[in-house]
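Trainee: Please give me a close look at one part here, namely how the interior is packed and which charged pairs sit around it. Take your time, and spell out the cut-offs as you go.

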Amino acid sequence: MAKQKFYAIKAPDGGKIVLSWEECQQLTHGVKGVLFRAFPSRAEAQNWIDGISAPVPKGLRIYVDGSFLEGFPKAGWGFIVVENDTEVAHGSGVTVFDAESRNIDGECMASYQAMKWLEANDKTAVICHDYEGVARWAKGEWKAKSSIAQKYVEACRPLVHRVSFEKVAAHTGVKWNEAVDKLAKDAIARAKKGPAQSAPAATKVAPVAPAAAPAEPVPEPIKDPKTGQMSLPL
């Protein structure tokens, strides 16, 4: 039996808590200035409405996301490494081959690249994702039927021991989830400008710890034989 979720809705004129996603959609769809989030308890939902901040999660967390834009054949991907609510590193790019499942290709690539970053830096972390398949496929809970799912499962098999997963609600004001969504969209914007702008980005922005290994692009970019664009392989 699924656990009860509490959907907190925050509007300029007040807030409300509802118990179903359907009711939350009815009250928020198309309404400007409204934010909403799901919580595991009513107390947490009310605290969010009242502006009471939850404790910052401890340990290393990596937010991942993918994006797809009509008229552009590839998916964008991005990840942001966070420790104690401070950005440590980030990476972004576009898929090498045309996206067969729109933004899902980018979601899978982002998760895979996050695992590669952890492997390169010999660390473990929680991957925070908004597409459920990122965790389900990696953990073997969903059968990988599509080509992208099969490639993702095969690529992350030797790396998945470094991660656990946490699902976050998309587009509900979660700071790092919104930031990584923009990162994936920006990767597409760069790619549309041409090969010189579309190389994957992986940037160290703050040390994980005094002895932390530097964040470097992994793996090396390769050229798409059809378009000549540079990106990272899955």
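Mentor: Let's start with accessibility: a residue is buried under 20% relative accessible area, exposed over 50%, and partly exposed in between, using a 1.4 Å probe and protein chains only. Keep in mind that this is a predicted model, where local features need pLDDT of at least 70 and side-chain atom pairs count only at pLDDT 80 or more, while totals for chains, interfaces and linings use all residues. Residues are numbered from 1 along each chain as its sequence is written, and side-chain values use heavy atoms, with hydrogens and water left out. Helices (H or I, at least four residues) and strands (E, at least two) are DSSP runs, numbered from the N terminus.

Now the interior. By a nonpolar core I mean a set of buried Ala, Val, Leu, Ile, Met, Phe, Trp, Tyr and Cys residues joined through side-chain atoms within 4.5 Å. The largest one has 32 residues, and those touching the most other members are Ile62, Phe79, Val81, Met115, Trp117, Tyr152 and Phe165. Two or more residues each come from strands S4 (60-68), S5 (75-83), S6 (86-94), S7 (125-129) and S8 (163-167), and from helices H3, H4 (133-138) and H5 (147-156). H3 gives the largest share, nine residues. There's also a second, separate core of nine residues, with Tyr63, Val126, Trp176 and Val180 among them.

For a view from inside H3, try leucine 118: this helix runs over residues 103-121, and leucine 118 has a relative accessible area of 0%, so it is buried. Taking contact as heavy atoms within 4.5 Å, and skipping neighbours within four places in sequence, leucine 118 touches Leu60, Ile62, Lys123, Thr124, Ala125, Arg162 and Val163. Pick isoleucine 62 from that list: it is 56 residues away along the chain, yet the two C-alpha atoms are separated by 9.5 Å.

What about the cysteines? A disulfide is a pair of cysteine sulfur atoms within 2.5 Å, and by that rule the count is zero. The closest cysteine sulfur to that of cysteine 108 belongs to cysteine 156, and at 8.4 Å it is too far for a bond. Both are tucked away from solvent: cysteine 108 is buried at 0% relative accessibility, and cysteine 156 is buried too, at 1%.

On to the charges. Side chains of opposite charge can pair when their charged atoms come close. I call it a salt bridge when a side-chain nitrogen of Lys or Arg is within 4 Å of a carboxyl oxygen of Asp or Glu; the whole structure has 11 of them. One joins glutamate 166 to arginine 61, with the closest N and O atoms 2.7 Å apart. Since glutamate 166 sits in strand S8 and arginine 61 in strand S4, this pair ties together parts 105 residues apart in sequence. Glutamate 166 is partly exposed at 32%, whereas arginine 61 is buried at 9%.

Arginine 162, which you met as a contact of leucine 118, also pairs up: its side chain meets that of aspartate 122 in a salt bridge at 3.1 Å, N to O. Here the loop between H5 and S8 supplies arginine 162 and the loop between H3 and S7 supplies aspartate 122, so parts 40 residues apart in sequence are tied together. Arginine 162 is buried at 13%, but aspartate 122 is exposed at 61%.

A third bridge, between glutamate 132 and arginine 136, comes in at 2.8 Å, N to O. Glutamate 132 is partly exposed, at 30%, and arginine 136 is partly exposed, also at 30%. These two belong to a salt-bridge network that links Glu132, Arg136, Lys139 and Glu141.

Last stop, H6. Its buried residues are Trp176, Asn177, Val180, Asp181, Leu183, Ala184, Ala187, Ile188 and Ala191. They cover an arc of only 150° around the axis, so they are on the same side of H6; that arc is taken from the directions from the helix axis to the C-beta atoms. This buried set packs against S4, S5 and S6, while the face turned away carries the exposed Lys182 and Lys192. Just after H6, glycine 194 takes a positive phi of about 125°.
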